[in-house]
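Welcome to the tour! Please open the viewer and keep the selection tool at hand.

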Amino acid sequence: MEGAIKTVVMQYLSSARGKENVSGKNFQKLVKSQMGNILSDTDSSSAIKDMMKGLDDNQDGKVSFQEYLSLVGYLANSMSERKTSASGPEEAAKH
Ligand SMILES: [Ca+2]
C-alpha cells in the first residue's frame, strides 16, 4: 500500500518535471503510459483532453496535484465498485 501511494506521487512529480502542475501534453503521456489498462480510451488524444477538462477545476489548462488526485480517486472508486458489484456491468453502470 505504501508503495502504491509512492507510485501515485512519484508519477505525478516526474510528469510535472519540477513544476507545480502537469501540462496538457505531459498529462496525455502520463495517462497513456500509466492508465492504459484501467481506462478504455487512452489511445484517443481527444478523449484524454475531454477527461482533463473535466478534472481541471480552476481551468488553467494544467493538472494540479489535487486535480490529479480526483482522477486517482475516481479510478479507485470505479475499481472498488466493479469488485463489489455482484451483478455485472449493467448493474454497476447505474451507480
Ligand atoms: Ca488546473
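Which residues coordinate the calcium ion? Before selecting them, remember that this is a predicted model. Now pick the ion and show what surrounds it: D56 (OD), N58 (OD1), D60 (OD), K62 (O) and E67, whose OE is listed twice, coordinate the calcium ion at 2.2 to 2.5 Å.

Next, look at the angles. The six donor atoms subtend angles of 52 to 159 degrees around the calcium ion, which makes the arrangement irregular.

Then follow the donors along the chain, where their spacing reads D-x1-N-x1-D-x1-K-x4-E. Select D56 and E67 together: D56 sits in the loop between α3 (45-55) and β2 (63-64), while E67 belongs to helix α4 (residues 65-84), eleven residues away. Are these two buried or exposed? Both D56 and E67 are buried.

Widen the selection to residues 43-78, which UniProt lists as "domain: EF-hand" in an unreviewed entry. Over this stretch the chain is 69% helix and 6% strand, and the C-alpha atoms at its ends lie 20 Å apart.

For the last stop, go to the largest pocket, which holds about 280 Å³ of space. To see its lining, select T7, V8, Q11, Q34, M35, I38, Y68, V72, L75, A76 and M79. Which helix gives the most to this lining? That is α4, with five residues; α1 (2-16) also supplies at least two. Color the lining by class and you will find eight nonpolar residues, three polar ones and no charged ones.

Methods
Residues are numbered from 1 along each chain as its sequence is written. This is a predicted model: local features need pLDDT of at least 70, side-chain atom pairs count only at pLDDT 80 or more; totals for chains, interfaces and linings use all residues. Side-chain values use heavy atoms; hydrogens and water are left out. Donors are N, O and S atoms within 2.8 Å of the metal (3.2 Å for Na, K and Ca); water is not among the atoms, so sites may look incomplete. Four donors count as tetrahedral if all angles lie between 85 and 135 degrees; four count as square planar and six as octahedral if opposite donors are over 155 degrees apart and all others between 65 and 115; anything else is irregular. Helices (H or I, at least four residues) and strands (E, at least two) are DSSP runs, numbered from the N terminus. Buried means under 20% relative accessible area, exposed over 50%, partly exposed in between (1.4 Å probe, protein chains only). UniProt positions are given in the numbering used here, feature names are shortened, and annotations may be inferred rather than shown by experiment. On a 1 Å grid over the protein atoms alone, a cavity is a set of points where a 1.4 Å probe fits but cannot get out, and a pocket is an open set with protein on both sides within 12 Å along at least five of seven lines; lining residues have an atom within 4 Å of a point. Grid points are joined across faces, edges and corners, and a volume is the space filled by probe spheres set on the points. Ala, Val, Leu, Ile, Met, Phe, Trp, Tyr, Cys and Pro count as nonpolar, Asp, Glu, Lys and Arg as charged, and the others, Gly among them, as polar.
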